[in-house]
Amino acid sequence: MKAIFRVVQLNFQLEWSERRSYFSILIYVLSTVYLSNLVFNEILSPESWNAFFWVIFLFAAVQAAYRSFYFEADQRFLLYYGWVKPEHLILGKIIYNFFYLLAVALFTSGFFGFLMGFPIASPGAFITVLTLASLGFSSILTLVAAISAKAGNNPALPAILSIPLLYPQILTLSKLSIRSLTGFSWEINAQLLIVLALLALVSLLLSFLLFPYLWRD
Amino acid sequence: MKGIWWKALGIILVLYSIIAGLLGEVPRLVILNETIRVLYYHVPMWFSMVAMMTISLVFSIRALGEKRGADLRASEFAQTGFLLATLGLLTGMVWARFTWGNFWTNDPKLNGTAVTMLIYLAYFVLRNSVEDPAKKARLAAVYNIFAFVMMIVFIGILPRMTDSLHPGNGGNPGFNQYDLNSDMRPIFYAAVLGWILIGTWISSLRIRYKSLSNEEHS
């Protein structure tokens, strides 16, 4: 537990010392949201709001998580190697990415809402959906980042590898979030929420089990 | 598998399903009419694709245990599965044109298929972007296991939660236990088994060819 916490802390410190990765995500979100504002020069229907939001968030998340093993492939790898178990490392990275993606999601929805209007009928449900999305995305994207770092940091690889794996979640998510925009009933949507939570858990478990095989070299 | 018997059995079963499938009696259903015969040629593609992907998964799990040659087998079975998926998609599209009026609809099952094919394309891209064979084996195996689970979620679980245009789902006439009558059932199962055997045969030929050419290079 302590080791996991140390990994999260260390990750944050290292990323904070090179703040430009945070700023690059920030600017990415700002420019894409502003672009969609320019292209859609009118009030969006909840359906298009939903579609735009998830596409922008998806690409921001892929970008954000891509960096999580970027440096590990060469120098930092050795630092971790004798110091932390692979199970702890992956959990720490997933937790770190979870908070990171949640922050990105909240920021994206905030700025998106600022420009395009907030058609959200049930904010509580929307934030629940965002939290579950961040959990599922961070589990898959962290493992994919590890795979693509090991495969030699080809910049196209993370998107190619992760987007098809994320489809089941994105479809469920967008279905849930459109309902949270137009009015949400917890009883009716309990089944979909459970599916989403289970998908996130399965991805988390798979990442946890498979990462040690990637780790040893 | 050794011997020739299973290859012969595969050919006989597939030939039987083609001939009996065209000549046999089928129930007369509205909308479907004679296109119900696509059951023998389209649906077995999906069954055998899932079978090929499952075999590929088993070899990927063995490749994680550093078993020699397992990675090549996993990759070749996945490729055969991909070929069967392509055939399934094409036969389905021809059928959909005559039954639904369009080659492509946004049906959950079609989306599932498209995503499955994208996932396995990503798997092939990943394999091609790594040089070192030991590393390739591990990375590809990890991705393949993840891919298989997501495929099962996508084609097995999500479509059950929504309505589909496919026969037998959501009030469509079609192939459920009432319609798949005793005339059709043996031909259908013969086609499934036959195509699984043919798929295994294709994969084993390719595995032999690849491992021979690898030996020659090294």
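**Two helix packings and a cavity**

Helix H1 (residues 2-17) of chain A packs against helix H5 (residues 86-116) of chain A at an angle of about 55 degrees, with their axes 8 Å apart. That makes H1(A) oblique to H5(A). This is a predicted model, in which local features need pLDDT of at least 70 and side-chain atom pairs pLDDT 80 or more, while totals for chains, interfaces and linings use all residues. Residues are numbered from 1 along each chain as its sequence is written, chains are lettered from A and ligands numbered from 1 in the order written, and side-chain values use heavy atoms, without hydrogens and water.

**Terms for the helices**

- Helices are DSSP runs (H or I, at least four residues), numbered from the N terminus.
- Axes are lines fitted to C-alpha atoms over the stretch in contact, and angles run from 0 to 180 degrees between N-to-C directions.
- Angles under 35 degrees count as roughly parallel, over 145 as roughly antiparallel, 65 to 115 as roughly perpendicular and the rest as oblique.

**H1(A) with H5(A)**

- The crossing of H1(A) and H5(A) is right-handed (the near helix is turned clockwise from the far one by less than a right angle; anticlockwise is left-handed).
- H1(A) makes the contact (heavy atoms within 4.5 Å) through Ala3(A), Ile4(A), Val7(A), Val8(A), Asn11(A), Phe12(A) and Glu15(A).
- On H5(A), the contact residues are His88(A), Leu89(A), Leu91(A), Gly92(A), Lys93(A), Ile95(A) and Tyr96(A).
- By class, this contact has nine nonpolar, three polar and two charged residues.
- Ala, Val, Leu, Ile, Met, Phe, Trp, Tyr, Cys and Pro count as nonpolar, Asp, Glu, Lys and Arg as charged, and the others, Gly among them, as polar.

**The cavity**

- The count comes to one cavity of 30 Å³ or more (a set of points on a 1 Å grid over the protein atoms alone, where a 1.4 Å probe fits but cannot get out).
- The largest cavity has a volume of about 30 Å³ (the space filled by probe spheres set on the points).
- Its lining (residues with an atom within 4 Å of a point) includes Asn11(A), Glu15(A), Arg67(A) and Tyr96(A).
- H5(A) gives the most to this lining, with three residues.
- The lining residues divide into three nonpolar, three polar and two charged.

**H7(A) with H6(B)**

- Helix H7 (residues 157-182) of chain A and helix H6 (residues 133-157) of chain B pack at an angle of about 25 degrees, with their axes 10 Å apart.
- H7(A) and H6(B) are therefore roughly parallel.
- H7(A) passes H6(B) in a left-handed crossing.
- Among the contact residues are Leu161(A) and Tyr167(A) of H7(A), and Phe146(B) and Met150(B) of H6(B).
- The contact divides into 12 nonpolar, no polar and no charged residues.

Note on methods
On a 1 Å grid over the protein atoms alone, a cavity is a set of points where a 1.4 Å probe fits but cannot get out, and a pocket is an open set with protein on both sides within 12 Å along at least five of seven lines; lining residues have an atom within 4 Å of a point.
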